[in-house]
Amino acid sequence: MKTQNLIYILPLALLLACGSESSETETATAETENELRLSPASIGNLSFSLETPEKRRMSRELLVNGQIDVPPEQRITLTLPYPGKITAIPVLPGMRVQKGALLLEIENPEFLSMQQEYLVILSDLEFAEKEYRRQQELDQEKVNARKSLEQAKNQFERLKARQAGMMQTLRLLNLDLAKIEKGELTPRARFYADQPLWVSDVKVNKGTFAAAGNSLMELVSSEHVHAELTVFEQDVPQLKKGQTFTFSVAGDTAVRHGNIYLIGRTVNTDRTIQVHGHLLEEDETLMPGTFIHATLNLPGEEMLCVPATALLHWNGKEYVFIKTGEQDFTMEEVQVLANDGNWMALPDSFSGKQIVTEGAFQLLSALKNEGEEE
């Protein structure tokens, strides 16, 4: 019985031993897949340089997205002070209009009544003014009662007030007072752009009846456009008012410049904060809502740096080669903190390490060829 038990146990032990050996082999391969040992002959044939990271002042760049926007006071909603039928609407959404361009024309027979009333007021006011002056002269001569003077004055002042109110009403409709006073009356009122504008939305058609106060058209001033940048919460402490940035618009190679004017205090649900930037040069071709890519210039700081030639890109990741022995090198993944094209900043964990700054690609080729041969 004891002999039989031994027979069954030995194969099991052998299987376990083989499995353990296989596991150790796989682990060793995993640990050494980025490690390279060169023969003395290979070292002599390869040309590479080694440098230890040193402290340098590096200016960093922060890449963010955003859009062109305008302040609320530059967004204009066109409404009517009085209702009317739309008789002309010569603009389309997306159109840019210059100052003085016709935006909308409406028609209402009541406009004729307003103008007629204005002319009647002018006539009555002229008569009331003459009567008031006459009563003043009679009062000085003590010919008439004081009450008559007061009545004439009251009538004159009331008509003056009505004239002033009617003038403002007609001006709201952009009606020409000089033409009205000549007897040139019109049932139509026209509305014009008082500055260069972008038409963002048109909500009515020709022939429709528009009620007073309804929003008919949305306009945006092309002056004082700014950049609204979206910055992640963790990057905001590095920003200060006055810092400069550059940005470009999709499909346009021109690089424009701006500076930070205001940093938001509200964190959005995606943990971002809005940063308001002013443009250093006004550009009326920029349309509000346009998507932009911006580069924020962060202040320089002392960082651990090596020449940028040390960086390798492999399978979507970034690496550097580190010399770990006389013939040994390790390809180690790295997070580049900053890169100005000449120097790159590395985490402090690379302090004191010998990094291959020239010839790293030759080592990469040797490492991958060695892996294929195995």
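**Helix packing, sheets and two loop residues**

Student: In this predicted model, how are helices H3 and H4 oriented to each other, roughly parallel or roughly antiparallel?

Tutor: The axes of H3 (residues 110–140) and H4 (residues 146–172) come within 8 Å and cross at roughly 155°. Angles over 145 degrees count as roughly antiparallel. The relation of H3 to H4 is therefore roughly antiparallel.

Student: Which handedness does the crossing of H3 and H4 have, and how many charged residues are in their contact?

Tutor: H3 passes H4 in a left-handed crossing. The contact of these two helices holds 14 nonpolar and seven polar residues, and its charged residues number nine.

Student: Which strands are at the edges of the sheet that contains S7 and S5?

Tutor: That sheet is open, has four strands in the order S8-S7-S5-S10, and is paired in the antiparallel sense. An edge strand here pairs on one side only, and this applies to S8 (188–192) and S10 (209–210).

Student: Which residue of S10 stands opposite Gly84?

Tutor: S5 covers residues 84–88 and pairs with S10 through two bridges, antiparallel. Across from Gly84, the residue in S10 is Ala210.

Student: Why do S4 and S6 each have one side without a neighbour in their sheet?

Tutor: The strands of this open sheet follow the order S4-S11-S9-S6, with antiparallel pairing. S4 (75–78) and S6 (96–97) stand at its edges, so each is left with a single partner strand.

Student: What is the bridge partner of Leu78 in S11?

Tutor: S4 and S11 (residues 217–221) run antiparallel and are joined by four bridges. In S11, Leu78 is matched with Met217.

Student: Where is Asn174, and is it partly exposed or exposed?

Tutor: Asn174 has a phi near 60°, a positive value in a residue other than glycine. The residue is found in the loop between H4 and H5 (177–181). Exposed means over 50% relative accessible area, buried under 20%, and partly exposed in between. At 39%, Asn174 is therefore partly exposed.

Student: What about Asn315: which loop holds it, and is it buried or exposed?

Tutor: Asn315 is not a glycine either, yet its phi is positive, about 55°. The loop that holds Asn315 lies between S17 (312–314) and S18 (317–323). With a relative accessible area of 66%, Asn315 is exposed.

Technical notes: Residues numbered from 1 in each chain as written. Predicted model: local features only at pLDDT ≥ 70, side-chain atom pairs only at ≥ 80, totals over all residues. Heavy atoms only, no water. Axes fitted to C-alpha atoms, helices over the stretch in contact; angles between N-to-C directions. Parallel < 35°, antiparallel > 145°, perpendicular 65-115°, else oblique. Left-handed = near helix turned anticlockwise from the far one by under 90°. Nonpolar A, V, L, I, M, F, W, Y, C, P; charged D, E, K, R; others polar. Pairing = 2+ DSSP bridges. Buried < 20%, exposed > 50% of the residue type's maximum accessible area, 1.4 Å probe, protein only.
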